[in-house]
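Colleague: I have the file open now, so could we go through the strands together?
Modeller: Yes, let me put the sequence and the structure up.

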Amino acid sequence: MKAHVVELGIPVKVIRVGGDTYPHRFVLKEMGFFWDSWDEVWEGEETEDRWHILNGLGGLTLEVVTRHYQHQLHYVDIDDLPDETASITAVMGVIRELKDVIMFTRVDQQLGCFQRFLLADETGVIPCIAWNIVESASIKEGELYVLEKVQLRVDKRGYKELHCHENTRFHNVGGEDIDRSLVDEQFMSWLHQTVSIAKLSINVTSRISGMITQFDNVRDFGVCPSCGDKVETETYCWRCGEVSPRKRLVCSGVITDDSNAFKFTFFGNQVKSLLRLTAREYNEATRLTVIERLEMPALINKINDLIGKWLIFTGRLKISENTGIKTFYGDGVYDP
Ligand SMILES: [Zn+2]
C-alpha cells in the first residue's frame, strides 16, 4: 500500500499552563482532541466549569492562543484501500455528488443526521457517508479534502463505503497538487459502471442505465423547518409542536432497463435535477397544489422530455418492511 504525505496547517488552541505543579505544560486542543494527556482534568465535555477547575489548581495560570500546528498526515490512494473493514488514517480526494443533510429520528428518539457524498482521486471513487457530523455540512462540492480518521466498511459482496464519525476531520487542502482531469476520468468511469435493474442489491448506492416509462405526478409533503422531520398534520411536528412547515416535492413512477422494472421515487432537489427544472420553475412548482401542477406548462414539457429518454441514474433500491415493495430511491441523474 503506497502512502502519500500531506502537510496540514491546523489551527489549534495552545493552552499554556503555568504554576508550580506543572510549569510550562502545553496542551494542544483541536476540535475536542487533546494530544497531551490531562485526562484527570479534561475528561469529558469542555464546559465553562473546566476553566475554573484548572484555574483552581494551586494557583495555575492559563493562557490560550490559537496557532497553526504543522501536522504531517499519511494518506492512501482510493484504489489502494484494503478489501476488508478497517480504520483508515486518511484519504485525500475531491468531493463529488454531495447530497443534502438528511435528518432522522434514532431509536432512542434523539435526532440524528447523515450526509452522503463521493470521494474521487486520481485512482478511483468511493461512496462516503458522514454520520451526525455538523462539520460535514460545511464541505463543498468539487473541492479537495483530506478526510482524517475514517472507517472503511466492506460488506460480503465486496461493496466499499467510507464512514465518517465524530472523530473524522475534514481538511480542505485546495492548494495540494492533484490532476483534476484524471479525477474527472475516474468519476466518469465510475458513473458508467452500471448494473442491470434485475441485479440491483438492496440498500447499496448503485448506477443504472435505463429510462422512465411511467411518471405519476409531482406531490409534496410538509417538512418541519427546525428538525427536518415530516410533519404529522398541516402545522404540527411531533417533536417541535406547532410549526409552519416547508413544502418538499416528491415524484414517482416506473423505471426500467428491459431486465426488470421498479417503482422509483425522487425527493426535493433531486426532483429538480431529474426534471431539469430551473430554480424559478422549481420554486413555482413548490408553491402550486398537486392539481395546479398538472397544468403547469413548463412542468408538463419537462416530464414529456424525460419519459423514454435513456439516462444514467444513481440511487439505492430499498424494500418496504410492510409491503415488500421494492422502490428505487434516486439521488442523481446524468445524460451519458
Ligand atoms: Zn420539528
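Colleague: In which sense do β16 and β18 pair, and over how many bridges?
Modeller: Strand β16 (residues 261-267) runs parallel to strand β18 (residues 326-334), and the two pair over 3 bridges. Strands here are DSSP runs of E with at least two residues, helices being runs of H or I with at least four, numbered from the N terminus, and two strands pair if DSSP finds at least two bridges between them. Please keep in mind that this is a predicted model, in which local features need pLDDT of at least 70 and side-chain atom pairs count only at pLDDT 80 or more, while totals for chains, interfaces and linings use all residues. Residues are numbered from 1 along each chain as its sequence is written.

Colleague: Which residues of β18 face Lys263 and Thr265?
Modeller: The bridge partner of Lys263 is Thr327, and Thr265 stands opposite Tyr329.

Colleague: And what does β17 do with β18?
Modeller: Strand β17 (residues 311-319) pairs with β18 in the antiparallel sense, over 8 bridges, with Ile319 opposite Lys326. The two strands form a hairpin with 6 residues between them, and in the turn Gly324 has a positive phi of about 75°.

Colleague: What do these strands build as a set?
Modeller: They belong to a closed barrel of 5 strands, in the order β12-β15-β16-β18-β17, with mixed pairing. On average, neighbouring strands of this sheet are turned by 40° against each other, direction ignored, where the axes are lines fitted to C-alpha atoms (for helices over the stretch in contact) and angles run from 0 to 180 degrees between N-to-C directions.

Colleague: Switching topic, which strands does β5 pair with?
Modeller: Strand β5 (residues 86-96) pairs in the antiparallel sense with strand β9 (residues 144-154) over 8 bridges, and also antiparallel with strand β7 (residues 111-120) over 3 bridges. Ile88 stands opposite Val150 in β9, whereas Arg96 stands opposite Leu118 in β7.

Colleague: Is Pro127 buried or exposed?
Modeller: Pro127, found in strand β8 (residues 125-131), is classed as partly exposed because 18 other C-beta atoms lie within 10 Å. A residue is buried with 20 or more such atoms within 10 Å of its own C-beta, exposed with 12 or fewer, and partly exposed in between, the C-beta atoms being placed from the backbone.

Colleague: What is Pro127 in contact with further along the chain?
Modeller: Leaving aside neighbours within four places in sequence, Pro127 is in contact (C-beta atoms, placed from the backbone, within 7 Å) with Arg116, Leu118, Glu161 and Thr205. The C-alpha atoms of Pro127 and Phe117, 10 residues apart along the chain, are separated by 6.1 Å.

Definitions and conventions. Two residues are in contact if their C-beta atoms, placed from the backbone, lie within 7 Å.
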